[in-house]
Amino acid sequence: MTLGCKTAADVMKAIADHDVKMVDLRFVDVPGTWQHTSFPTQTFDADQITEGCGFDGSSIRGFQQIEASDMLIMPDPTTAFLDPFTQHTTLVMICDIVDPVTKEFYSRDPRGVAKKAVEYMKSTGIADTAFFGPEAEFFVFDDVKYGQGVNYGKFEVNSVEAHWNGLREEGPNLGHKIRAKEGYFPCGPSDTLQDLRSTMAMLMAEIGLTVECHHHEVATAGQCEIDMKFAPLVDMADAQMKYKYVVKQAAKAAGMTATFMPKPLWGDNGSGMHCHQSIWKDGQPLMADAAGIGGLSQLCLWYIGGILKHAPAILAFAAPTTNSYHRLVPGFEAPVNLVWSLRNRSAAVRIPMYSDSPKAKRMEFRCPDPSCNPYLAFAAMLMAGLDGIKNKIDPGEPADRNIYDLPPEEEAKLPRVPASLEGSLKALAEDHDFLLEGDVFTKDFIEGYIELKSGDVDALRLRPHPHEFELYYDC
């Protein structure tokens, strides 16, 4: 449950009121995984909230080097909630990371980067609030096995819903499998995960998230989506971390396993995270103009222009895994073309047309996936959009035809996302000045990030792929 805390004193009162046994401090590493440390309440006091708690930053992926490893975890009292999964009553706070000497945000702390992006936006005078609404998809499997050795490499996932299990001995097999690409919105008995998603949604609400709906997604074998109401950038990044935590923990409690890996299945849809975005000032939306194309303001068009121009670099943060690019493949209904459109889901940027209300006007960037660190991905998108506004970047005319049906010579002229993580990292290395504005991202951070993620590229490059045996064993 949420606790409504604002200060350290509020947190200490909540600890007493709810007979809390443990205080759990959580922060996010650079790839986007929650890390934590726990304190028995009899040894925890308000000073640890206001002054922070020390830890070794050299042991966290993407953080400090060993020669300057001392860092401080600074709990944010406003994020306090009771963990619904722990055996002993545990109060959780999401934390920032600060330098113990300067007491300033640590330049490689993703949450600090997101906060600096919002402050930079305010400093420009363009807007004071950036709303984000990510639509994160995920798979729930009944079983997963994977391993890699010198002489083998394999994985296997399974689901009672999967179409490949039509003949499996299930004692008894009751049928009602979901065919490939036919998982969008079927009722039970085909959709076996209704109750689990409802449980997830209720647990999310219990810890302060606003869930709008949930449903089965397109792919067979347990692809799902739970949609949250939009929120300001940092709040939504916090919410996305809670969301992933609940999904994984609830699946485990039900004897299943959930993954936000973008492309765990060959031959069916991958998991994306379409990101709806709008900016506001003084409580008024800035992306609407009834006289504009599609009801959009000129400012919104420039924002889109910035997103499209910098999309290859953004994807280093928003599609940050080698697996991400198995989803972003031309010709398979993926949003790989860097154009914008009204309604058309085949474009990288889409303008939802569900409502004419100025408050509902927004743009949707469809390339990101849920493997990303939301603090970094949202911050990069906002910085690109602001750069588009500052420099009046024209996004061009909307592409309102089905891009997949274009003649090959026309389609070949469209700009596309990079074909690999290596390509996105190269784009980031060449195009990151827009991220350095306001010291939001730093050169040190970007160089360290590229080095960290290049390790993923090299790890995959060094290993033979199982399908290569089918292609080349008899060469």
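**Note on the predicted model: fold, core and surface**

1. In the protein, 68% of the contacts with a separation of 6 or more are between residues 24 or more positions apart. The model is a predicted one.

2. The secondary structure consists of 13 helices and 18 strands. The radius of gyration is 23 Å, close to the 23 Å that the globule rule gives for 475 residues, so the protein is as compact as a globular protein of that length. Along the principal axes, the C-alpha atoms fill a box of roughly 65 × 60 × 50 Å.

3. Of the 475 residues in the protein, 53% are buried. In soluble globular proteins, nonpolar side chains tend to be buried together.

4. The largest nonpolar core here has 129 residues, and L91, M200, I279, F365 and F441 are those with the most contacts inside it. Helix 6, residues 298-318, contributes the largest share of this core, with 14 residues. A second core, separate from the largest one, has seven residues, including F139, A162, A219 and A221.

5. Which residues does L91 touch, not counting those up to four places away in sequence? Among them are L3, V11, A14, I15, V20, M22 and V23, and also A80, F81 and L82. D24 is another residue that L91 touches.

6. On the surface, the protein exposes about 21,900 Å², of which carbon and sulfur atoms supply 53%.

7. As for charge, there are 44 positive and 66 negative side chains. The centres of these two sets lie 3 Å apart.

Notes. Residues numbered from 1 in each chain as written. Predicted model: local features only at pLDDT ≥ 70, side-chain atom pairs only at ≥ 80, totals over all residues. Heavy atoms only, no water. Core = buried A, V, L, I, M, F, W, Y, C linked by side-chain atoms within 4.5 Å. Buried < 20%, exposed > 50% of the residue type's maximum accessible area, 1.4 Å probe, protein only. Helix = DSSP H or I, 4+ residues; strand = E, 2+ residues; numbered from the N terminus. Contact = heavy atoms within 4.5 Å. Rg over C-alpha atoms; globule rule 2.2 N^0.38 Å. Areas by Shrake-Rupley, 256 points an atom, 1.4 Å probe, with all protein chains shown as cover. Lys, Arg positive; Asp, Glu negative; His and termini not counted. Charge placed at Lys NZ, Arg CZ, Asp CG, Glu CD.
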